[in-house]
Amino acid sequence: MTKKILLLFLFLNAAMGCSISPITSSQRFKAKKQPSFSLLATRPSAFIGQHVLLGGIIQRCMTQEGESLMLIIQKPLDRATDKPIMKSPSQGKFYFWYKGKLDPKVYSTGKMITISGQVVSPFKMKMDSSHFLIVEGEEFFLWPKESLPAYAQKIPTRSILENLWEPVGFEPWTTGWGEGWW
């Protein structure tokens, strides 16, 4: 009986998927058959209406009349989390168009973002050239800035050898191992 319950639990866990992406599974499913970014960037007009899932680093965010436009430096996405991989080389830039006002101070230069949406015609955006990839956003996620934990941010004041030879808290010029030890 316990083996059946364990197998059922494992099956349900596998069926729910192992993805921990902030983008919904329906949006991920729509973008499942998207072409490579290099192909999208070279011929954006051939993929109008195609659902895509892209990410990268925000280079610029502009708002006007209740709409927002971001220029994003593309980075490949991690398969499990859909987070842009910072160490990977970029294959170009694209525009993210959102029908809503986004604060440029929040969506500032250098922050990572993952977006899901449809490739749209540059003429819909009133842009002159048709060689820019423009994605109309349906979902997006701004990744928090990563910082080191508090213990890793401290600058060591003693050398490694001092810490090895002298245990923390031992002060030979005072009472030894602390008050009340004797």
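This dialogue walks through several features of a predicted model, from its strands to its rings and backbone angles.

Q: Where should I begin with the strands, and in which order do they run in the barrel?

A: Begin with which strand pairs with which. In this predicted model, a closed barrel of 5 strands runs 1-2-3-5-4, and its pairing is mixed. From one strand to the next, the twist averages 55°.

Q: Which strands pair with strand 4, and in what sense?

A: The sense of a pair comes from the directions in which its two strands run. Strand 1 (residues 51–64) pairs with strand 4 in the antiparallel sense over 7 bridges, and strand 4 is also joined by 7 bridges to strand 5 (residues 134–142), again running antiparallel. Ile113 shows both pairings, since this residue of strand 4 stands opposite Gly56 and also stands opposite Leu142 in strand 5.

Q: Is strand 4 largely enclosed or largely open?

A: Here one counts the buried residues along the strand. Of the 8 residues of strand 4 (residues 112–119), 7 are buried, and therefore the strand is largely enclosed by the rest of the structure.

Q: Do strand 3 and strand 5 run parallel or antiparallel?

A: Strand 3 and strand 5 run parallel and are joined by 3 bridges. Within this pairing, Phe96 stands opposite Val135 in strand 5.

Q: How many aromatic pairs does a search of the whole structure find, and how is one of them read?

A: The search finds 6 aromatic pairs. To read one, look at the distance between the ring centres and at the angle between the ring planes, where an angle over 60 degrees counts as edge-to-face. The rings of Phe96 and Phe140 have centres 5.5 Å apart and planes at 65°, so this pair is edge-to-face. The pair links distant parts of the chain, with Phe96 in strand 3 (residues 93–98) and Phe140 in strand 5, 44 residues apart. Phe96 counts as buried because its relative accessibility is 1%, whereas Phe140, at 22%, counts as partly exposed.

Q: What is the geometry of the pair between Tyr107 and Phe140?

A: The ring centres of Tyr107 and Phe140 lie 6.0 Å apart with the planes at 70°, so this pair is edge-to-face. It too links distant parts of the chain, for Tyr107 sits in the loop between strand 3 and strand 4 while Phe140 is in strand 5, 33 residues apart. Tyr107 has 14% relative accessibility and counts as buried. Ring pairs link Phe96, Tyr98, Tyr107 and Phe140 into a cluster.

Q: What does His51 touch, and which side chain does a polar contact join to it?

A: A residue's surroundings can be read from its place, its accessibility and its contacts. His51 is in strand 1 and counts as buried at 16% relative accessibility. Leaving aside residues up to four places away in sequence, His51 touches Gln27, Lys30, Ala31, Gln34, Gly117, Gln118 and Glu138. A polar contact of 3.1 Å joins the side chains of His51 and Gln118.

Q: Which residues have a positive phi although they are not glycine?

A: Most residues other than glycine have a negative phi, so a positive value invites a second look at the backbone. Among such residues are Glu65, with a phi of about 50°, and Asp82, with a phi of about 60°. Glu65 is in the loop between strand 1 and strand 2 (67–74), and Asp82 lies in the loop between strand 2 and strand 3. Glu65 counts as exposed at 76% relative accessibility, whereas Asp82, at 4%, counts as buried.

How values were computed: Residues numbered from 1 in each chain as written. Predicted model: local features only at pLDDT ≥ 70, side-chain atom pairs only at ≥ 80, totals over all residues. Heavy atoms only, no water. Buried < 20%, exposed > 50% of the residue type's maximum accessible area, 1.4 Å probe, protein only. Helix = DSSP H or I, 4+ residues; strand = E, 2+ residues; numbered from the N terminus. Pairing = 2+ DSSP bridges. Phe/Tyr/Trp six-rings, centres within 6.5 Å; stacked < 30°, edge-to-face > 60°. Polar contact = N/O pair within 3.5 Å; in protein donor to acceptor, adjacent residues only side chain to side chain. Contact = heavy atoms within 4.5 Å. Axes fitted to C-alpha atoms, helices over the stretch in contact; angles between N-to-C directions.
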